[in-house]
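Welcome, and thanks for taking a look. Please open the sequence and the model side by side before reading on.

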Amino acid sequence: MGDTTETLLKGTKGSTVLGTPEGTKNTLENLDDRMKEMSGLMKQMTMSMEVVDNNGRTVFERPPEKMDRGTVESVVDFKEAGKYEVHVTLTDPKGKSMENHLAIQVGKDPGETTRNMIIAIVVIFAVLYFIYMSSPGFRKQVDGVIAKLKNF
């Protein structure tokens, strides 16, 4: 990154971006000014993105382009559920680049159906138990069914 970006991230005199440079007040305006400066730096950078599947095949690729608004939107059509990795590369005007990787899971969690079924069964039993405890007529019917099952 350029000197300005490094200074912005490190702060001055060793402070951090969320800390306050020595000799200044700790104010929200200070943080707001820094965030605006970072936003300006981001708008000068180019960003490229690649999404690869578990086998290393490229599923989506976005060529480098300047981030004029400071944000980027992309729509990726995942044809199959599975694990993917997003590679994002930022390049400053001087040509220095940074790359970051983000692992994502697409599709239904295999354990989700089982968890939902267990939750539904617990809720149903809780409702039936509440009715059993609060309704003498229902309790008599259930007790009768249980007595028949014991004799079976």
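Here is a short tour of the sheet, the core and the largest pocket.

This is a predicted model, so please read what follows in that light. Its 4 strands form an open, antiparallel sheet in the order 2-1-3-4. Strand 1 pairs with both strand 2 and strand 3, and it makes a handy starting point for a walk through the model.

**The sheet and its edges**

- Strand 2 (58-66) and strand 4 (97-106) stand at the edges with a single partner strand each, so one side of each has no neighbour in the sheet.
- On average, neighbouring strands of this sheet are turned by 15 degrees against each other, with direction ignored.

**Strand 1 and its partners**

- Strand 1 covers residues 46-53 and is joined to strand 2 by 6 bridges, with the two running antiparallel.
- On its other pairing, 8 bridges link strand 1 to strand 3 (residues 82-91), again antiparallel.
- Val52 is a good residue to click on: it stands opposite Thr58 in strand 2, and its bridge partner in strand 3 is Glu85.
- Between strand 1 and strand 2 lies a hairpin with 4 residues between the strands, where Gly56 takes a positive phi near 85 degrees.
- Of the 8 residues of strand 1, 6 are buried, so the strand is largely enclosed by the rest of the structure.

**The nonpolar core**

- The largest nonpolar core has 10 residues: Met45, Met47, Met49, Val51, Phe60, Met67, Tyr84, Val86, Leu90 and Val106.
- Strand 1 and strand 3 each supply at least two residues of this core.
- As general background, nonpolar side chains in soluble globular proteins tend to be buried together.
- Which residues does Met47 touch, leaving aside those up to four places away in sequence? The contacts are Arg62, Pro63, Pro64, Glu65, Met67, Val72, Val88, Thr89 and Leu90.
- One of these contacts, Glu65, is also the residue that stands opposite Met47 in strand 2.
- Met67 and Leu90, both touched by Met47, belong with Met47 to the largest nonpolar core.

**The largest pocket**

- The largest pocket holds about 170 Å³ of space.
- Its lining consists of Asp53, Asn54, Asn55, Arg57, Val59, Lys79, Glu80, Ala81, Gly82, Lys83 and Tyr84.
- Strand 3 provides the largest share of this lining, with 3 residues.
- Tyr84 is worth a second look, being listed both in the pocket lining and in the largest nonpolar core.

How values were computed:
Residues numbered from 1 in each chain as written. Predicted model: local features only at pLDDT ≥ 70, side-chain atom pairs only at ≥ 80, totals over all residues. Heavy atoms only, no water. Pairing = 2+ DSSP bridges. Axes fitted to C-alpha atoms, helices over the stretch in contact; angles between N-to-C directions. Buried < 20%, exposed > 50% of the residue type's maximum accessible area, 1.4 Å probe, protein only. Core = buried A, V, L, I, M, F, W, Y, C linked by side-chain atoms within 4.5 Å. Contact = heavy atoms within 4.5 Å. 1 Å grid on protein atoms, 1.4 Å probe; cavity = no way out; pocket = protein on both sides within 12 Å on 5 of 7 lines; lining within 4 Å. Points joined across faces, edges and corners; volume = space filled by probe spheres on them.
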